[in-house]
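Me: I would like to go through this model term by term and ask, for each label, what value stands behind it. Please set each value against its cut-off before drawing a conclusion.

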Amino acid sequence: AVHAVRRMGDVRGMKIAVLGAGPIGILVAQTAKGAGAESVLITDVSDFRVQKAKECGIDHCINTKNKDFGEAMLETFGPDKADVIYDCAGNDLSIGQAIRYARKGSSIVLVAVFAGMAQADLAVLNDHELDLNTSMMYREEDYTEAIELVKSKKVALRPLISGHFAFREYQAAYEYIDANREKTMKILIDVHP
C-alpha cells in the first residue's frame, strides 16, 4: 500500500479514489490519507467491506451496487473528480470505471493483479491523456514508512484481522478462508507455541 501511494509522489492535498475495499484497498486508502491526501473515497460491492473501510476511518465509503462510481466521484469531489484513482479490485469492470470516470489528465494506478488478459478502453485512456501506472513490489523505505504510519495511528490494522489460527491449524485457516470468503479480510497464523 505504501509503495502504491508513493508511486504518485507527494499526495498531500490530493483527492484520491480507491476501487476495491479489500485489505489492500483499505490500506491504500489509509496510507493516502496518512500521507496527507485531502479526501479519500473508497468503493466496493460488498457491504461488509464498505463497513470495514468505515471502521478504518476512510472519508467516503460507497457501495457501487447502490450508487454509480461516476456519480459517487462527482458527489464526493465535485467536477474536478479525483486526482488519482487506485484500482485495487483488478477486474475489467474496475479498470473500465477508472478509465471512464477519470478527469482528463489525471492518473490511474493499477495495484491489483489481474488473473488474465485485461480488456480496457485504451482509446479513452489516450483521448483523455490519462497516466496509467502500476505497482507491484516494495522497498525497504516502504516498510519503514508503513511502520511509522501504524505507530502514529494513521493506519489501523485491527479492523482488518478476521481471525487467528495456531500454526499447527494452518489447514483449518485456509478452509475457514474458503468457507467465509465474503466475510474474511485477513487471517493470522500464530507461530508462537
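Me: Let us begin with Gly-22: which residues does Gly-22 touch, not counting residues up to four places away in sequence?

Reply: In this predicted model, Gly-22 touches Asp-44, Arg-49 and Met-185 once residues up to four places away in sequence are set aside. Gly-22 itself sits in the loop between strand 1 and helix 2.

Me: Why does Gly-22 count as buried?

Reply: The relative accessibility of Gly-22 is 10%, and buried means under 20% relative accessible area, so Gly-22 falls on the buried side of that cut-off. As for its place relative to Asn-91, which is 69 residues apart from Gly-22 along the chain, the two C-alpha atoms are separated by 13 Å.

Me: What makes Gly-22 relevant to the largest pocket, and which residues lie nearest the centre of that pocket?

Reply: Gly-22 is one of the residues nearest the centre, together with Pro-23, Ile-24, Gly-25 and Leu-27, in a lining of 49 residues. The elements that give two or more residues to this lining are helix 1 (2-6), helix 2 (23-34), strand 2 (39-44), helix 5 (92-101), helix 7 (140-151) and strand 8 (186-190). The volume of the largest pocket is about 1300 Å³.

Me: How do the residues of that lining divide into nonpolar, polar and charged?

Reply: The lining of the largest pocket holds 30 nonpolar, 13 polar and six charged residues. Glycine is counted among the polar residues in this scheme.

Me: Why is helix 5 described as largely enclosed by the rest of the structure?

Reply: Seven of the 10 residues of helix 5 are buried, and helix 5 is therefore called largely enclosed by the rest of the structure. The buried ones are Ser-94, Ile-95, Gly-96, Gln-97, Ala-98, Ile-99 and Tyr-101. These buried residues pack against strand 1 (15-19), helix 4, strand 4, strand 5 (107-110), helix 6 and strand 6 (131-134).

Me: How do you know whether Asp-87 is buried or exposed?

Reply: Asp-87, whose place is in strand 4, has a relative accessible area of 0%, so Asp-87 is buried. Leaving aside neighbours within four places in sequence, Asp-87 is in contact with Leu-19, Ser-94, Ile-95, Val-109, Leu-110, Val-111 and Ala-112. Ser-94 and Ile-95 are also among the buried residues of helix 5. The C-alpha atom of Asp-87 is separated by 9.6 Å from that of Val-113, 26 residues apart along the chain.

Me: Why do Ala-123 and Asp-127 count as exposed?

Reply: Exposed means over 50% relative accessible area. Ala-123 counts as exposed because its relative accessibility is 53%, and Asp-127 is likewise exposed because its relative accessible area is 53%. Ala-123 lies in helix 6 (residues 122-127), and Asp-127 also has its place in helix 6. The C-alpha atoms of Ala-123 and Met-73, 50 residues apart along the chain, are separated by 22 Å, whereas for Asp-127 and Gly-105, 22 residues apart, the separation is 9.6 Å.

Me: What is notable about the phi of Lys-81 and of Lys-153?

Reply: Most residues other than glycine have a negative phi. Lys-81, although not a glycine, has a positive phi of about 55 degrees, and Lys-153, also not a glycine, has a positive phi of about 65 degrees. Lys-81 is found in the loop between helix 4 (69-77) and strand 4 (84-87), while Lys-153 is in the loop between helix 7 and strand 7 (161-166).

Me: Are these two lysines buried or exposed, and why?

Reply: Lys-81 has 18% relative accessibility and so counts as buried, the cut-off being under 20%. Lys-153, at a relative accessible area of 73%, is exposed, since exposed means over 50%.

Me: What makes the whole chain as compact as a globular protein of that length?

Reply: The protein chain has eight helices and eight strands. Its radius of gyration is 17 Å, close to the 16 Å that the globule rule gives for 193 residues, and the chain is therefore as compact as a globular protein of that length. Of the 193 residues, 45% count as buried. Among contacts with a separation of 6 or more, 60% are accounted for by residues 24 or more positions apart.

How values were computed. Residues are numbered from 1 along each chain as its sequence is written. This is a predicted model: local features need pLDDT of at least 70, side-chain atom pairs count only at pLDDT 80 or more; totals for chains, interfaces and linings use all residues. Side-chain values use heavy atoms; hydrogens and water are left out. On a 1 Å grid over the protein atoms alone, a cavity is a set of points where a 1.4 Å probe fits but cannot get out, and a pocket is an open set with protein on both sides within 12 Å along at least five of seven lines; lining residues have an atom within 4 Å of a point. Grid points are joined across faces, edges and corners, and a volume is the space filled by probe spheres set on the points. Helices (H or I, at least four residues) and strands (E, at least two) are DSSP runs, numbered from the N terminus. Buried means under 20% relative accessible area, exposed over 50%, partly exposed in between (1.4 Å probe, protein chains only). The radius of gyration is taken over C-alpha atoms; the globule rule is 2.2 Å times the number of residues to the power 0.38. Contact means heavy atoms within 4.5 Å.
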